[in-house]
Amino acid sequence: MPEGVLTVLKFCFLALIYLFLFRIVRTVLAELRPAKIPVPEALLAEAAAPVGTAAASAPSKRDRSRHWDLVIVAPPSRVGETYTVDEELTVGRGAGCAVVLPDDTFVSQVHARVFTRGSDPYVEDLGSTNGTTLNGEAITEPTRLRRGDRVQFGETVMELVR
């Protein structure tokens, strides 16, 4: 083969290597950036609604005394662990989550969040790889929870109690 053709092939090979490395770096940086979580319009409207009276803006004694807990019911090694849902609770393998599930390999770093709007609890999947299920049904948007509902994050199942 002529030397000129070999030189061109060397540069092509070098360009492919740089392209491959560029794609790896871009993917890693995308994973490190915090995710932009879309907020459903219904929740935005609820938050932006004008408050009619001062009494309506302050939580009542009844609302303050009522709180929700998530209790792990599976796997057996963690049964009974309880987490209180105040305003927001994140679930995942990452150390920054309120509920850390380091041994559940089917859970993403920041898998889902459980939050309250008013006195109602909601669960939202945060784009996890394996998804989040509520009573066996996959959820795709923030979904209201009721007492006794079972939410599954990976292989971990939690039940909502009062």
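His111 is buried in this predicted model, with a relative accessible area of 0%. The residue sits in the loop between strand S4 (99-100) and strand S5 (112-117). Its side chain makes a polar contact with the side chain of Thr132, at 3.2 Å. Beyond residues up to four places away in sequence, His111 touches Val91, Gly92, Phe106, Asp125, Leu126, Ser128, Gly131, Thr132, Phe153 and Gly154.

One of those contacts, Phe153, leads into the nonpolar core. The largest such core has 20 residues, and Val114 and Phe153 touch the most other members. S1, S2, strand S3 (88-92), S5, S10 and strand S11 (156-161) each supply at least two of its residues. S1 gives the largest share, three residues. Phe153 itself touches Val91, Leu101, Asp104, Val107, His111, Ala112, Val114, Val123, Thr132 and Met158, with residues up to four places away in sequence not counted. His111 and Thr132, the two partners in the polar contact, are both on that list.

Next comes S5. Five of its six residues are buried, so the strand is mostly covered. S5 runs antiparallel to S3, and four bridges join them. Here Thr90 stands opposite Arg113 in S5. S5 also runs antiparallel to strand S6 (residues 120-125), joined by six bridges. S5 and S6 form a hairpin with two residues between them. Gly118, in the turn, has a positive phi of about 70°.

The S5 and S6 pairing also brings two rings together. Phe115 has Tyr122 in S6 as its bridge partner. Both residues are buried. What is the count of aromatic pairs? It comes to one. The rings of Phe115 and Tyr122 have their centres 5.6 Å apart and their planes at 15°, so the pair is stacked. The cut-off behind that label is planes under 30 degrees apart. Phe115 has a charged partner as well. The charged end of Arg113 sits over the ring of Phe115, 3.9 Å from its centre. Arg113 thus appears in two settings: opposite Thr90 across the bridges, and over the ring of Phe115.

Now to Asp149. Is this residue buried or exposed? At 13% relative accessibility, Asp149 counts as buried, because the cut-off for buried is under 20%. Asp149 lies in the loop between strand S9 (143-144) and strand S10 (150-153). A polar atom of its side chain lies 2.7 Å from the backbone nitrogen of Arg146. Asp149 and Glu159 are 10 residues apart along the chain, yet their C-alpha atoms are separated by 5.7 Å. Leaving aside neighbours within four places in sequence, Asp149 is in contact with Leu134, Asn135, Arg144, Met158, Glu159 and Leu160.

Asn135, one of those contacts, has a backbone feature of its own. Its phi is positive, about 50°, although Asn135 is not a glycine. The residue is placed in the loop between strand S7 (132-134) and strand S8 (137-138). At 45% relative accessibility, Asn135 counts as partly exposed.

One last backbone feature is a cis peptide bond. Which residues does the bond join? Ala74 and Pro75, with omega about 5°. Pro75 lies in the loop between strand S1 (68-74) and strand S2 (82-85). Both S1 and S2 are among the strands that supply at least two residues of the largest nonpolar core.

Definitions and conventions
Residues numbered from 1 in each chain as written. Predicted model: local features only at pLDDT ≥ 70, side-chain atom pairs only at ≥ 80, totals over all residues. Heavy atoms only, no water. Buried < 20%, exposed > 50% of the residue type's maximum accessible area, 1.4 Å probe, protein only. Polar contact = N/O pair within 3.5 Å; in protein donor to acceptor, adjacent residues only side chain to side chain. Contact = heavy atoms within 4.5 Å. Phe/Tyr/Trp six-rings, centres within 6.5 Å; stacked < 30°, edge-to-face > 60°. Lys NZ or Arg CZ within 6 Å of the ring centre and 35° of its normal. Core = buried A, V, L, I, M, F, W, Y, C linked by side-chain atoms within 4.5 Å. Pairing = 2+ DSSP bridges.
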